[in-house]
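This report walks through one protein model, part by part. The sequence and structure come first.

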Amino acid sequence: MRLFLTVVERGSLTKGAESMNLALASVSERISGMESSLGAQLLERNRRGVTTTPAGDALVRHARLILDQVEQMRGELRSYGTGLRGRIRLWSNTAGLAAFLPPRLGRFLVAYPDLSIDLYERPSAEITRAILEGRADLGIVAYNTGLAGLQTHVIAQDQLVAVVSETHRISDQQSIAFADVVGEPFVGVADAALEAYLGERAARLGRQIYYRIQLRRIENIAMMIESGVGIAILPEASGKDMRHLGLTIVPLRDSWALRQLHLCARDFSALTPHAGLLAQQLMEPKVVIS
């Protein structure tokens, strides 16, 4: 599979052979053997190199997933040899990462120096699928949809807010409906699960969010808002950090904008001992993120 991906990424059998330090004839024979074994042509060969067939595209997807899992397995097994006797796979949406998780994970890792956490930011729907499929131990999601088959525990509430410049037309409002700002130019958080959630809400209104730019760092987002590039919708905890930069925070009054954060697992009683310890830490009295 690694050989096949290398050939696809390099665009030719010759370049793939060079990258893998193999003879061209050997690479050609192995690819042909894969096609024979699978009963499908994987590559279209031409003078300019190779391109994948539909079957080859399917193999690319599966091969990348499998090789990624192999690397995760190796990393986890190596951790046992270096004294890290347990790893916890925790997936969270944007709201959980913005304010809820950092202090709790810090305390947990200090209290349990032999444990490590693989933390991923994903949309809530993807998180629930990962838990059902066994790819994550615990997840933090922001709504009830898709939680069938999982056990859940409410751990926090999260208010979404619009962050605007002091001169923006809504800066003097006590609250605002999403429908009243969805047509504004937006400054977004790059690759954030929150953007998928907002995109879904915009689609329900028959609209599409127009992002002028998407950035990873909150301070850079604040700079763009202050310059008048656009507005942002963020968890309240992130928005409050921007107030000292001269920005205005306006809560969204839509019912879906006050979200409950749920900790979920397939079965809390069946968690590994170290994942169970983390679940107990995260289930401390429910808080309001603000």
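## Gln-159 in β6

Gln-159 sits in strand β6. This is a predicted model. The residue is buried, because its relative accessible area of 15% falls under 20%. Its side chain has a backbone partner: a polar atom of the Gln-159 side chain lies 3.0 Å from the backbone oxygen of Leu-252.

## The largest nonpolar core

Strand β6 (151-165) also contributes to the largest nonpolar core, with at least two residues. That core has 23 residues. Phe-100, Leu-138, Ile-140, Leu-261, Leu-263 and Leu-278 touch the most other members. The other elements that each supply at least two residues are β3 (86-92), α5 (94-111), β4 (115-121), β5 (138-141), β11 (258-265) and α10 (273-282). Helix α5 gives the most, with five residues.

Which residues does Leu-138 touch, beyond those up to four places away in sequence? On the lower-numbered side there are Arg-89, Leu-90, Trp-91 and Ile-131. On the higher-numbered side there are Leu-263, Cys-264, Ala-265, Phe-268, Leu-271, Ala-275, Leu-278 and Ala-279. Two of these partners, Leu-263 and Leu-278, are themselves among the core members that touch the most others.

## A second core

A separate core of 20 residues is also present. Its members include Val-164, Val-181, Phe-186 and Trp-256.

## Salt bridges

The count of salt bridges is 12. One of them joins Glu-284 to Arg-107, with the closest N and O atoms 3.9 Å apart. This pair links distant parts of the chain, 177 residues apart. Glu-284 belongs to the loop between α10 and β12 (287-289), and Arg-107 to helix α5. Both ends are partly exposed: Glu-284 has a relative accessible area of 35%, and Arg-107 has 42%.

Arg-122 and Glu-126 form another bridge, at 3.3 Å between the closest N and O atoms. Arg-122 is partly exposed at 26% relative accessible area. Glu-126 is partly exposed too, at 26%. A further bridge brings together the side chains of Arg-169 and Glu-184, at 2.8 Å from N to O. Arg-169 and Glu-184 both lie in the loop between β6 and β7 (185-189), so their pairing ties together parts that are 15 residues apart in sequence. Is Glu-184 buried or exposed? Glu-184 is buried, because its relative accessible area of 16% is under the 20% limit.

## Helix α2 and its surroundings

Helix α2 covers residues 13-20. Where do its buried residues lie around the axis? Leu-13, Gly-16 and Ala-17 are buried. Seen down the axis of α2, the buried residues fall within an arc of 100°, so they line one face of the helix. They pack against two helices, α1 (2-10) and α3 (24-38). They also pack against two strands, β1 (43-46) and β2 (49-52). Just after α2, Asn-21 takes a positive phi of about 55°.

## Leu-3 in α1

Leu-3 lies in helix α1, one of the elements packed against the buried residues of α2. Leu-3 is buried, with a relative accessible area of 9%. Leu-3 and Ala-17 are 14 residues apart in sequence, and their C-alpha atoms are 8.3 Å apart in space. Neighbours within four places aside, Leu-3 is in contact with Met-20, Leu-22, Val-27 and Arg-30.

How values were computed: Residues are numbered from 1 along each chain as its sequence is written. This is a predicted model: local features need pLDDT of at least 70, side-chain atom pairs count only at pLDDT 80 or more; totals for chains, interfaces and linings use all residues. Side-chain values use heavy atoms; hydrogens and water are left out. A nonpolar core is a set of buried Ala, Val, Leu, Ile, Met, Phe, Trp, Tyr and Cys residues joined through side-chain atoms within 4.5 Å. Buried means under 20% relative accessible area, exposed over 50%, partly exposed in between (1.4 Å probe, protein chains only). Helices (H or I, at least four residues) and strands (E, at least two) are DSSP runs, numbered from the N terminus. Contact means heavy atoms within 4.5 Å. A salt bridge is a side-chain nitrogen of Lys or Arg within 4 Å of a carboxyl oxygen of Asp or Glu. A polar contact is a pair of N or O atoms within 3.5 Å; within protein, one must be able to donate a hydrogen and the other to accept it, and residues adjacent in sequence count only if both atoms are side-chain atoms. The arc is that of the directions from the helix axis to the C-beta atoms.
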